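Colleague: I'd like to go through this one with you, question by question. Could you put the sequence and the model up first?

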Amino acid sequence: MTGLIIEGGLYALLLFTPFAFGGVELWAQGILQIVTGVIVVAWVQDLRGAGTTGWVPAEARAGAGAGVPAASRVLWTAIGLFLILVVLQVVPMPPGWIRSLSPETYTLYSQTIPGYAQGRPYEPAELPAWVLAGARERMPAAPGAQAPVEPDLLAPPMAASGFATEISPWRTLSIYPYGTWSRLSLLLCYVGIFAVVSSYYRTRERLGRLLGTAAFTGFAVSIFGIIQKLTWNGKLYWIREGTYLSPFGPFVNRNSYAAYAGTILPLALCAALGFLRQREQGRTGALPRLVLWGFASVVMTCGIFYSLSRGGILSAALSLAIIAGLLLYYGRSARELAVLAILAIAAAAFLGWIGPEKVIERVGTLSEGQSVPSMATRIVTWGKSMDLIAANPMLGTGLGTYAFAFMRSSPPGEGWWDTAHNEFLELLCDTGLAGAALFLIGLTAWAAPLVRARAFRGSSERFSYMGMVAGIAGLLLHSAISSNLQIPANGLLLTVLGAALTGLFASLGPRRSRGRNETSSPPPGPEEMP
């Protein structure tokens, strides 16, 4: 029963988040958090009874591959320390501590809060006079005004209201604690999902169901996006009104869709290649599945190009290059490369049928490089973000506070960006060098065991490995020029694939310790996705 809750809840989230406008709205994030909580509770219950219920395979419980335990300890230590850092950012501290840990934040509070520099509390009635101090002579009198408005009229006394009339000078390192708490709640969801998936999905059958669900969702979202764009009436789902500059499918931003579909495209493509190999081996039912996942790959490729996202096109190209390179590395790749070429031709034909003019024009702008207006604006923003990092080098301004912190760095008279359009740069702005160092340590510990592509030579599992590695690499590349990971659907997808890849490698050690090489492992069941 608990296994059903774990898998059903996770598959429901994979299907729900992209169609819920990417999961960006509060109600969608609330559902994500609730379902994640249910999944984690079910997983913990099964861990407690793993010795009797047996949902954790014996070989998975026996241990992991060489080097994985040490890397896992480093990874979870980095994750734990990062969470502690974010919690530290929302713990109220006295002014002296703020000044020592983040001088720029102390300066900000001193300029905006009465009496903060003196370490004393203030009353709300004091605020208007403090704000207006030194500026009254520059303020024109209102027409027909008989007397200036007194500060006490702007903020009447609160003594009789029952509320405290003094406000403590203790503040947080985060300049917007609500935003940091919101990001922390999502981060905890991702950590919980990572723990569940990396522990639970260590068999072919489970990995097959997980990757198949993800690939099907990307296929469905792409079909919906193409149809909606062909019949666009200015409303999402043809009914929801709003100001949408560049929507595609259920995503209000085409870059978010392209990042999502570009991450899933390699999964479907490698599934088609896996079933091609099965067909050559005479496996029953391989041909229909080859056609299904081949068609899904064509649709997602067309969706990425039709969304007109330059970053999505480049990241998808990188993913395909990684797949081609791994095919050459593993050898016997002529038929697989031929299938890649056939699918590319099919995608081009499909685009020609739905209308290629804007796609060709958009792709042509890739040669312009930095002169593309949106790219030029990004470069300016990145430069201003470096000033923000220099002002708050150690601990940042608080996770999820970039939109407000950047206001002080925005060019005068211009609007400001609410994201850095570079996830790694924004992480540095939000959490400082301490957060960036923990991120790099965790990323290295996660990736170190996963670069051993030779572990899957001669194994059908190499197709799952190729699909996940290519998809994750494409998403990380795209996130260097767009804020994709702040979309819960993309963040959840990255978490699931990263954890599934960890579980796939962790299952290798026990399998080998039992004396089974990769070529002698049992063939995938009929419900599996290679």
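**Charges, core and rings**

Colleague: Is Glu-280 buried, exposed or partly exposed?
Modeller: The relative accessible area of Glu-280 is 38%. Buried is under 20% relative accessible area, exposed is over 50% and partly exposed is in between, using a 1.4 Å probe and protein chains only. That makes Glu-280 partly exposed.

Colleague: Before we go on, what kind of model is this, and which residues do the totals use?
Modeller: Residues are numbered from 1 along each chain as its sequence is written, and side-chain values use heavy atoms, leaving out hydrogens and water. The model is predicted: local features need pLDDT of at least 70, side-chain atom pairs count only at pLDDT 80 or more, and totals for chains, interfaces and linings use all residues.

Colleague: Back to Glu-280, then. Which residue does Glu-280 meet in a salt bridge, three residues away in helix H12?
Modeller: Salt bridges here need a side-chain nitrogen of Lys or Arg within 4 Å of a carboxyl oxygen of Asp or Glu. Helices are DSSP runs of H or I with at least four residues, strands are runs of E with at least two, and both are numbered from the N terminus. H12 spans residues 254–280, and the two partners are separated by about one helical turn. At 3.3 Å, N to O, the partner of Glu-280 is Arg-277.

Colleague: Which other glutamate does Arg-277 reach, and which helix holds that glutamate?
Modeller: Arg-277 also has a salt bridge to Glu-336, 2.4 Å from N to O. Both Arg-277 and Glu-336 are buried. The two lie 59 residues apart in sequence, so the pair ties together separate parts of the chain, H12 with Glu-336's own helix, residues 334–354, H15.

Colleague: Which residues make up the network around Arg-277?
Modeller: Arg-277 meets Glu-280 and also Glu-336. Shared partners link these salt bridges into one network of Arg-277, Glu-280, Glu-336 and Arg-335.

Colleague: How far apart in sequence are the parts that Glu-7 and Arg-209 tie together?
Modeller: The chain's seven salt bridges include Glu-7 with Arg-209, whose closest N and O atoms are 3.0 Å apart. Glu-7 sits in H1 (residues 2–19) and Arg-209 in H11, so the bridge spans a separation in sequence of 202 residues.

Colleague: Which of those two partners counts as partly exposed?
Modeller: Glu-7 has a relative accessible area of 9% and is buried. At 30% relative accessibility, the partly exposed one is Arg-209.

Colleague: How many residues of H11 are buried?
Modeller: H11 runs over residues 204–230 and reaches 39 Å from first to last C-alpha, close to the 39 Å expected. That expected span is 1.5 Å times one less than the number of residues. H11 is largely enclosed by the rest of the structure, because of its 27 residues the buried ones number 19.

Colleague: Which residues does Val-299 touch?
Modeller: Val-299 belongs to helix H13, residues 286–306, and is buried at 0% relative accessibility. Contact means heavy atoms within 4.5 Å. Leaving aside residues up to four places away in sequence, Val-299 touches Phe-350, Phe-219, Ser-222, Ile-223 and Ile-226.

Colleague: How are the rings of Trp-76 and Phe-194 arranged?
Modeller: Rings of Phe, Tyr and Trp (its six-membered ring) pair with centres within 6.5 Å; planes under 30 degrees apart are stacked, over 60 edge-to-face, the rest tilted. By this rule there are 21 aromatic pairs. Trp-76 and Phe-194 have ring centres 5.8 Å apart and planes at 65°, so their pair is edge-to-face.

Colleague: Which helices does that pair link?
Modeller: Trp-76 is partly exposed at 32%, whereas Phe-194 is buried at 11%. They are 118 residues apart, and the pair links H5 (residues 68–89) with residues 177–200, H10.

Colleague: What about Phe-251 and Tyr-260: how is that pair classed?
Modeller: Both Phe-251 and Tyr-260 are buried. Their ring centres are 5.7 Å apart and the planes stand at 40°, so the pair is tilted.

Colleague: Last one: how many helices does the chain have?
Modeller: Of the chain's 530 residues, 51% are buried. The strand count is zero, and the number of helices is 22.
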